[in-house]
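The exercises that follow ask the reader to work from the coordinates of a predicted model. Please attempt each task before reading its worked solution.

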Amino acid sequence: MPRPTLATLDDPLPVARWMRRTLDAGHVPFTLAIPSSAVRLATAATAAGIDIAGARCLLGGEPITRARLDQTARAGLDALPRYGTSECGPVGYGCLQPSAPDDVHVVRDLHAVIQARSLGAELSMPSGALFVTSLHHAAPFLMLNFSMGDQATLDPRDCGCPLRGLGWMDHLRDIRSFEKLTAAGVTFIDTDLVRVLEAVLPARFGGGPTDYQLVESEAPDGSARLRLLVHPRLGPLDDQEVLSTFLDELAGDRPIDGIMAAMLDQGGTLSVERQPPRTTRSGKVMHLHAEAG
Ligand SMILES: [Zn+2]
């Protein structure tokens, strides 16, 4: 095995150079990436004059939007979505004649996927909420109508692409978390985030649970931005201290949480802003609020 090479969010060029070398050797470089990282890679490669046209990647782990796909396409990076989780494995692979940026074929030899539909109100879930059931005898976990907190449009469209010919007839698109806990490629554990926003930060810097909120938005170039809003009524605070307390607390004791916190810390993805937290139309202050780009 080759030794791993460090490529940070601030400097993804080692990946671009590897792609170029692989292309020069007559092969097709293939990567798995979260969309905002692929955008960073594409942007950095273009800026550095490294031609990565012809490289391919599979995107997953956060919403796949038109802006993000356009940005990767401009660098010639051929990107397709993959939808799945670490518990389930792949649930869908990107359609080659997509009707939306995140149009995937459900791999229905592995999973059955149904929606809440009219039961949504009773379950306090949107009607498009997805439930996954494992069908494969070697599934890592046996899921029975398992909700991953995602909703989507389920569509048996005849796209005409080869994946349909394999028997994967159903499409999912407009896939979003209705629990709003994934931002900038980082999936927060609900209870951790709530604890930090509602207890740790108020105890240290004052105010109450609704004075702190994470807001996710998308920059025009498709990159993810995450802002930690702190209510101005709390008076003067050291932004850097708020930020490092937030990251340290999220990092906790588990290595995987440390990696997540490090990802947020890199590349200026996360910043502190003194603004009142956003409220939804129904007046709720969500812990993680998604804003249109
Ligand atoms: Zn298709």
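**Exercise 1: the sheet**

Strand 12 and strand 15 are paired through three bridges, and the sense of that pairing is parallel. Starting from this pair, establish the order of the strands in the open sheet and state which strands lie at its edges.

Solution. Begin with a residue position in the pair: Glu216 is found opposite Ala290, which belongs to strand 15. Extending outward from there, the open sheet consists of four strands in the order 14-13-12-15, and its pairing is mixed. The edges are then strand 14 and strand 15 (288-290), since each of these pairs on one side only. From one strand to the next, the twist averages 25°.

As a final step, consider what packs on the sheet: helix 7 touches strand 12, strand 13 and strand 14, and its direction makes about 130° with that of strand 14.

**Exercise 2: the nonpolar cores**

Determine which helices and strands each supply at least two residues of the largest nonpolar core, and which contacts Leu270 makes.

Solution. The largest nonpolar core has 22 residues, and Leu201, Leu214, Leu228, Phe246 and Leu270 have the most contacts inside it. At least two residues each come from helix 6 (190-205), strand 12 (212-218), strand 13 (224-230), helix 7 (239-251), helix 8 (255-265) and strand 14 (270-273). Helix 7 gives the most, with six residues.

Turning to Leu270, and setting aside its neighbours within four places in sequence, one finds it in contact with Leu214, Leu226, Arg227, Leu228, Leu243, Phe246, Leu247 and Leu264. A second, separate core has 19 residues, among them Leu13, Ile50, Leu69 and Leu77.

Technical notes
Residues numbered from 1 in each chain as written. Predicted model: local features only at pLDDT ≥ 70, side-chain atom pairs only at ≥ 80, totals over all residues. Heavy atoms only, no water. Core = buried A, V, L, I, M, F, W, Y, C linked by side-chain atoms within 4.5 Å. Buried < 20%, exposed > 50% of the residue type's maximum accessible area, 1.4 Å probe, protein only. Contact = heavy atoms within 4.5 Å. Pairing = 2+ DSSP bridges. Axes fitted to C-alpha atoms, helices over the stretch in contact; angles between N-to-C directions.
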